[in-house]
Amino acid sequence: MRFFSFFTRASRAFHGSPTYSKLLVISTLSSGGLLAYADSQSDASSPIEECPKKRVLVLGTGWAGTSFLKDLDASKYDVQVVSPQNYFSFTPLLPSVTCGTVEARSIVEPVRNIVKKRKGEVKFWEAECTKIDAANKKVFCRSLVDNNLVGNREFALEYDYLVIAMGAQVNTFNTPGVKENCHFLKEVQDAQKIRKSVIDCFEMAVIPSLSDEERRRNLHFVIVGGGPTGVEFAAELHDFFKEDLVYLYPTVKDLVKISVIQSGDHILNAFDERISSFAEQKFQRDGIDVHTGCRVISVSDKEIKMKVKSSGEVCSIPHGLIVWSTGIMTRPVVKDFMEQIGQGSRRILTTDEWLRVKGTQNVYAIGDCATIDQRKIMKDIAAIFEAADKDNSGTLTVTEFQDVIDDILIRYPQVEIYLRSKHLRDVKDLLKDSQGHEDEVDIEGFKSALSHADTQMKNLPATAQVAAQQGAYLSRCFNRREQCTENPEGPRRFKSSGRYQFLPFRYKHLGQFAPLGGEQAAAELPGDWVSMGRSTQWLWYSVYASKQVSWRTRLSKNTPEFCLLAQSPVALTILDNC
């Protein structure tokens, strides 16, 4: 009775504190027994609720968006994805799809297959984003599913964090007739349309009622743009004709012509000069006409007009098919968003070094839709000098400078590039005098030492490699948000106290490839290493095989990567039984 009397009094005492759930544990010393009494009742006016997960809304499933989703810990957030395509496409192989070297199904992977393997739930909607409401943190969308189905196709989603990964659209430079008469090569559907049109050109050319002039026009394939996509498509088309079409359409084999029009002085002008020269020489041997220094001024259904820059001469050439591959521009929905946040005067959405959109708090942009505005070190040079000058002497010693070197290199990556360009091994070499002796410098000397570092700043190229690295970086930041809030990992803030929450994004260039047809390719790799020829083609196969998003696409018989296994009878036997 004494025990139960105590139990009753204890229970009443616990009920006197209505806010918390109660637990009473009683141990009996004599027997070592344990009795627990729990009371979860609480005052209705003060309920306990779990903190809801932050909503992360991702727009786009290209290289940037898919890379972000693959590495994100979805269990920490309420993740939602909106994209007009319910699949990810391996875009570097699109030129191969145009000619049947690779089948479209071999370079695509359903988004739902990708996200279902992630930790946590990811919600996906196949729709296009029509407007971003930055002030109310809301995104308006419209479904692109067949119009014959019932239901309201428009909906809105709210977000706490928005990740814009919508890519970009083809830049026509407002050239008359381009949209109506040219093919583009941005999506899988584009590649499939080109493939059908190529066959149509040959089918039409063999109609007996056509003249030779009409046949030549139908079989003249023009590629506008001498970048990697245009050059690779020209090479694929040439191989397609030489290896297949010449046997299917022998009566018109001597009438086929392929031309590449490039506004610059060379094709592949973003590559090393040795690669540009090698590609031009190979195209000349293959009979592919390359028109450099020419700008297209208009396109009709029968001819394309271009202006030769050196002479100002305007000439016209007939065509059967045109593929336009001249660059990219901002999508209208992103341009509207830029107007809302004060970036309307810019050509492309701008972020800081942490991929956060400038003028916003919780909006990020990755991939082709944005560019990073790297801060110039000269804007902060006075604050850096003041932070390093600990004794307030007005001069910096090498020891004082070394205390801030690491933070400078992280915060301003252009400094490291500048050092390499000057063949300097250490940042402290900047403080040496003309005789090579280390000396103290004042603020003016410090400015002089770093005055040319900002000249090394360059915008990152709009490539799949950049987009994939940005997606992986941003997912890491989201995964470590709580941890880095308590223990910031970034460089010190020179204009204020403390450190940045995260390390800034740093792009690591891993090289670039240019397939040139005939089982030959060119590669430009880090360390000023250039490779060209058949061996480089196998290197290209290997790299692209490793970058596929699933084993299904890696081992597909319709991809070039399958060639890596073609030498192994055992591997072929296994694949034949798949």
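**Sheets, helices and ring pairs in a predicted model**

Lys-138 stands opposite Glu-158 in β9. I start with that pair, and from there I will go outwards. Keep in mind that this is a predicted model.

Lys-138 belongs to strand β8, residues 138-143, which pairs with β9 in the antiparallel sense over five bridges. One residue further along, Val-139 has Leu-157 of β9 as its bridge partner. On the other side, β8 pairs with β7, again antiparallel, this time over six bridges. There, Lys-131 has Phe-140 of β8 as its bridge partner. The hairpin of β7 and β8 has four residues between the strands, and in it Lys-137 takes a positive phi near 50 degrees.

Which side chains of β8 are buried, and which are not? They alternate along the strand. Val-139, Cys-141 and Ser-143 point to one face and are buried. Lys-138, Phe-140 and Arg-142 point to the other face and are not buried.

Now the whole sheet. It is an open sheet of seven strands, in the order β9-β8-β7-β4-β3-β10-β21, with mixed pairing. The edges are β9, residues 154-158, and β21, residues 363-365; each has a single partner strand, so one side of each is left without a neighbour in the sheet. From one strand to the next the twist averages 35 degrees. As general background, strands of a sheet pair through backbone hydrogen bonds, either parallel or antiparallel.

Two helices on this sheet are on my list. Helix α10, residues 332-340, lies across β7, β10 and β21, and runs at about 60 degrees to β7. Helix α15 packs on the sheet too, touching β3, β10 and β21, and its direction makes about 170 degrees with that of β10.

Within α15, residues 464-479, I would pick out Gln-470. Is Gln-470 buried or exposed? Its relative accessibility is 5%, so Gln-470 counts as buried. Leaving out residues up to four places away in sequence, Gln-470 touches Leu-355, Ile-366, Gly-367, Ile-372, Leu-460 and Phe-505.

Next, the aromatic rings. How many aromatic pairs does a search of the whole structure find? The search finds 15. One of them is Trp-125 with Phe-155: the ring centres are 6.3 Å apart and the planes are at 50 degrees, so the pair is tilted. Trp-125 is in strand β7 and Phe-155 in strand β9, so the pair ties together parts that are 30 residues apart in sequence. Both residues are partly exposed, with relative accessible areas of 30% for Trp-125 and 26% for Phe-155.

A second pair is Phe-385 with Phe-446, also tilted, at 5.7 Å centre to centre and 55 degrees between the planes. Since Phe-385 lies in helix α11 and Phe-446 in helix α14, this pair ties together parts that are 61 residues apart in sequence. Here both residues are buried: Phe-385 has 7% relative accessibility, and Phe-446 has a relative accessible area of 1%.

That brings in helix α11, residues 381-388, which is mostly covered, with six of its eight residues buried. Besides Phe-385, the buried residues are Ile-381, Ala-383, Ile-384, Ala-387 and Ala-388. What covers them includes α12, residues 398-411, and α14, residues 443-450.

Back to the rings. Ring pairs link Phe-68, Tyr-77, Tyr-161, Tyr-364 and Phe-478 into a cluster. Phe-478 also has the charged end of Arg-481 over its ring, 4.7 Å from the centre. Elsewhere, Arg-411 lies over the face of Tyr-412, at 5.4 Å from the ring centre.

Last, another sheet. This is an open sheet of three strands, in the order β23-β24-β25, with antiparallel pairing. The edge strands are β23, residues 512-517, and β25, residues 529-533, and each pairs on one side only. The twist averages 10 degrees from one strand to the next. Five bridges join β24, residues 520-525, to β25. Within that strand pairing, Ala-521 stands opposite Gly-533 in β25.

Which helices lie across β23, β24 and β25? Helix α9, residues 273-286, is one, running at about 10 degrees to β25. Helix α17, residues 534-547, is another, running at about 110 degrees to β25.

How values were computed: Residues numbered from 1 in each chain as written. Predicted model: local features only at pLDDT ≥ 70, side-chain atom pairs only at ≥ 80, totals over all residues. Heavy atoms only, no water. Pairing = 2+ DSSP bridges. Axes fitted to C-alpha atoms, helices over the stretch in contact; angles between N-to-C directions. Contact = heavy atoms within 4.5 Å. Buried < 20%, exposed > 50% of the residue type's maximum accessible area, 1.4 Å probe, protein only. Phe/Tyr/Trp six-rings, centres within 6.5 Å; stacked < 30°, edge-to-face > 60°. Lys NZ or Arg CZ within 6 Å of the ring centre and 35° of its normal.
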